Amino acid sequence: LFLALAMRLPEDAFRAWAWRIPFLLSAVLVLVGLYVRLNLAETPAFRAAMDRAAPVRLPLKTLLARHSRHVALGTLAMVACYALFYLATVFALGYATTTLGYARSAFLMRECLAVAFMAAGILVSARLSDTLGRRPILLIGLAAVGACGLLLAPALRSGSDPIVTAYLCGALFLMGVIFGPMGALLPELFPTRVRYTGASVTYNLAGILGASFAPFVAQLLVARGGLGAVGLYLTGTAIVSFGAVLTLRETAKDALRAD
């Protein structure tokens, strides 16, 4: 939708009001998500837990009192995932259109192609994480993200459309690789009685640390240290997430754990 608006509207109109339209329409996804959630059956682990004991009255209190270590590690494990996504989309788009001379619509076309690679990465890594385990896939993916950070500056400054496009596709494919197993890993870090709260808290804290700050930090770094500093920032987040995943135990066999 961003691409369609950028191609059809004048620059002034896009900046003044049109960029808000995709965000407003995304509210429809909230209704879709609510419909899906209300029609999902509960898992066997949850039903078994309900048969044994009543739900925790204050799950957040219980979570922070008994499982704060896993909250912290789960949050840090996802930081690189969010940072990579926003650097390869929001920051890259801004830098390409203001510094590299790309037209917004032309660069958005490349981003749309790259997002297809992200979807493929999610499918591949999610399947492999069920057979090989969460940790091996995440560790391999995060190691590759660290290398991706070192390649950010050379790729974007190359002046070559194929290289820039290949970098975006590779970066978002890696984002999919580390995002795929997270949907299983985060809930599996916590026992059933606080599983939903634990997964939600870690997921959103990671979004704050990895996503909310990434565009701001990237702009600050590119102004003071150049594009290479932004790449090092991405590599740094990969190192942090790699260390967190390395500390966590393998959870693939605990999907039905109901303790």
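Below, a biologist and a modeller go through some features of this predicted model.

Biologist: What kind of model is this, and which confidence limits apply?
Modeller: The model is predicted: local features need pLDDT of at least 70, side-chain atom pairs count only at pLDDT 80 or more, and totals for chains, interfaces and linings use all residues. Residues are numbered from 1 along each chain as its sequence is written, and side-chain values use heavy atoms, with hydrogens and water left out.

Biologist: How far does helix α9 reach from its first C-alpha to its last?
Modeller: Helices are DSSP runs of H or I with at least four residues, strands are runs of E with at least two, and both are numbered from the N terminus. Helix α9 covers residues 134-156, which is 23 residues. The expected span is 1.5 Å times one less than the number of residues. For α9 that expectation is 33 Å, and the reach is close to it, at 31 Å.

Biologist: Where does α9 bend?
Modeller: A bend at a residue is the angle between axes fitted to the seven residues ending there and the seven starting there. In α9 the angle is about 40°, and the proline P154 follows the bend within four residues. The bend is at L150.

Biologist: How many disulfides are there?
Modeller: A disulfide is a pair of cysteine sulfur atoms within 2.5 Å. For C112, the nearest cysteine sulfur is that of C169, 11 Å away. For C148, the nearest is also that of C169, 12 Å away. By this rule the count is 0.

Biologist: Is C148 buried or exposed?
Modeller: Buried means under 20% relative accessible area, exposed means over 50%, and partly exposed lies in between, with a 1.4 Å probe and protein chains only. C112, at 46%, is partly exposed. C148 has a relative accessible area of 6%, so C148 is buried.

Biologist: Which element gives the largest share of the lining of the largest cavity?
Modeller: On a 1 Å grid over the protein atoms alone, a cavity is a set of points where a 1.4 Å probe fits but cannot get out, and lining residues have an atom within 4 Å of a point. The elements giving two or more residues to this lining are α7 (68-98), α9 and α10 (161-179). The largest share, 4 residues, comes from α7.

Biologist: In which helix is M50, and how exposed is M50?
Modeller: M50 lies in helix α5, residues 44-52. Its relative accessibility is 38%, so M50 counts as partly exposed.
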